[in-house]
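The following note is offered to a colleague who is meeting this structure for the first time. The points are numbered for ease of reference.

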2 protein chains.
Amino acid sequence: MEVWYAEIINIGNEILSGRTINTNASHIARRLTSLGFTIRRITVVMDEIDEIVSAFREAIKRKPKLIISTGGLGPTYDDKTNEGLSKALNIELELNSIAYEMLLQKYSKLNIELTEERKKMAMMPKGSIPVENNVGVAPGILISYEGITILATPGVPKEMEDILETFIKKYLKEKPDVKYIESSFLIRGVMESSIAPYIKQLVKKYDLYIKTHPKGQELTSPLLEIQVAGSSKDENEIRNRIEKAIEELKEIGIKLGGTILESQV
Amino acid sequence: MEVWYAEIINIGNEILSGRTINTNASHIARRLTSLGFTIRRITVVMDEIDEIVSAFREAIKRKPKLIISTGGLGPTYDDKTNEGLSKALNIELELNSIAYEMLLQKYSKLNIELTEERKKMAMMPKGSIPVENNVGVAPGILISYEGITILATPGVPKEMEDILETFIKKYLKEKPDVKYIESSFLIRGVMESSIAPYIKQLVKKYDLYIKTHPKGQELTSPLLEIQVAGSSKDENEIRNRIEKAIEELKEIGIKLGGTILESQV
């Protein structure tokens, strides 16, 4: 099965200083995972041209199908994503006339002047498609480069989410032809290190991603969430495979002295 | 002023699939920022040897003072950080006798056998110092490489936090000789794009990091959080500089028709 890799780039000092928790990355990751993409890497970089250029160039080198960035599209001095992206792709930055129209409409409706700072939000690499922002002002930047689809969105979560949905509905034409399914259950009284060798075997046997998430105290009161996930073109097939693996995992867990607590698909 | 760069590497498919929000990164970032470090990059990679090796090697190339990783130190098949780190540094993996002692004590107290899976947690690159884990089992791995301090911690937040604190107290001898101060206030009724040109000037004038965080609707009901931050060897000097910048920012905000809502240092 072909893997459709995607990468996420988050631009913003506020994430790097720990001030902001990177929920943008997890939102995008979850959304793309549900579409069958595999996120290979998440990179958070500073609001600096050179850092933004590096992040895009390095991601492009790994040849994912899709790169989605957040942050740095606003009107302030430290919003540098359009410039960084343009430099990374070596494509001239220009005033995008459609984006300019979008801004003009929003501001003129309220009788607000389109200053240089505001115009900046319409500057995009040549050949970009501006993606309408229904929540805020700055449009997203969509551009195709060497077969890689690149979408730059603002950092404000609601604006990012709005642009991401428009992108998925309107512009994301080629999607992985797979269904991703994930299921998990809780087991009390089994140490992660006790079940580890069995999981290793089951991963091979079922060709699934199985992961134990320790929630308790390994030595004194072990509590594990066991997650089983996989993708397949055939939804029934992958559901069956995951169910069988979970059944076997539960049997092993009980044999090791554990109690199954709950199950969720 | 010399910048002390640090980098964070988070290893784990659960972050890349969006299942887990990367609070580990923000915790470490906040802690290191408060010590005067500047986090240059956060990289999240898969539980795969090649990905882990790449992440460490790329971070090392950027020559930060400090690299802290989370995840991949447990007993399961997909815990591969010790192996990945060893390969990235080209330093042999060996059974660390001190780490082995730590494990032996924890398990033997409870009459639990030290299986191969459990022993794995004592495998570290030659020359590593194991950092005691007071919450869970797997010790942290501390190693110095080409002048860079590298600390690998488990992915369970409480274990990571415990090991990080021990590291800071016991092992982090060279720290940046600066104090980082941050302050912010809220202003209603001023668009981010209106205050943008003034902020650009003030950043230069005061040599501070000033960032606007939009919290409302830019066009119809703008609400901005304005954050001002900086570092200096002299705590009083940096506090004064930030206070002056905030005073001037508030004056500008009021001139632009805004209302100051609250202030916090």
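1. The model is predicted, and the relation between its two chains is a suitable place to begin. Of the interface residues of chain B, 100% are also interface residues in chain A, so the copies meet through the same surface.

2. In general, two copies of a chain are related by a rotation about an axis and a shift along it. Here a turn of 180° with a shift of 0.0 Å along the axis lays chain B on chain A, and the RMSD is 0.0 Å. The two copies are thus related as by a two-fold rotation axis. Within chain B, B:Thr43 has the C-alpha nearest this axis, at 2.4 Å from it.

3. Attention may next be given to helix α9 of chain A, which spans residues 235-255. This helix has 21 residues, and the distance from its first C-alpha to its last is 30 Å, close to the 30 Å expected at 1.5 Å a residue.

4. Which residues of α9(A) are buried? They are A:Ile238, A:Arg241, A:Ile242, A:Ala245, A:Ile246, A:Leu249, A:Ile252 and A:Gly253. These residues cover an arc of only 130° around the axis, which puts them on the same side of α9(A). An α-helix has 3.6 residues a turn, so residues three or four places apart point the same way. The cover over the buried residues includes β9 (179-188), α8 (192-206), β10 (209-214) and β11 (223-232) of chain A.

5. The other side of α9(A) carries exposed residues, namely A:Asn236, A:Lys244, A:Glu247, A:Glu251, A:Ile254 and A:Lys255.

6. Both ends of the helix merit a remark. At the N-terminal end, A:Asp234 acts as a cap of α9(A), with a side-chain oxygen 3.0 Å from the backbone nitrogen of A:Asn236. Just after α9(A), A:Gly257 adopts a positive phi of about 95°.

7. The largest nonpolar core has 33 residues, of which B:Ile9, B:Phe56, B:Ile67, B:Tyr107 and B:Ile150 touch the most other members. At least two residues of this core come from each of β1 (5-11), α3 (49-61), α4 (81-89), α5 (97-109), β7 (140-145) and β8 (148-153) of chain B. The largest share, seven residues, is supplied by α3(B).

8. B:Ile67 deserves individual inspection. Leaving aside residues up to four places away in sequence, B:Ile67 touches B:Glu7, B:Ile9, B:Phe56, B:Ala59, B:Ile60, B:Ile148, B:Thr149, B:Ile150 and B:Leu151. Another core, of 32 residues, lies apart from the largest one and has A:Ile9, A:Leu103, A:Ile112 and A:Met121 among its members.

Definitions and conventions: Residues are numbered from 1 along each chain as its sequence is written. Chains are lettered from A and ligands numbered from 1 in the order in which they are written. This is a predicted model: local features need pLDDT of at least 70, side-chain atom pairs count only at pLDDT 80 or more; totals for chains, interfaces and linings use all residues. Side-chain values use heavy atoms; hydrogens and water are left out. Helices (H or I, at least four residues) and strands (E, at least two) are DSSP runs, numbered from the N terminus. The expected span of a helix is 1.5 Å times one less than its number of residues. Buried means under 20% relative accessible area, exposed over 50%, partly exposed in between (1.4 Å probe, protein chains only). The arc is that of the directions from the helix axis to the C-beta atoms. Contact means heavy atoms within 4.5 Å. A polar contact is a pair of N or O atoms within 3.5 Å; within protein, one must be able to donate a hydrogen and the other to accept it, and residues adjacent in sequence count only if both atoms are side-chain atoms. A nonpolar core is a set of buried Ala, Val, Leu, Ile, Met, Phe, Trp, Tyr and Cys residues joined through side-chain atoms within 4.5 Å. Copies are superposed by least squares on the C-alpha atoms of residues with pLDDT of at least 70 in both.
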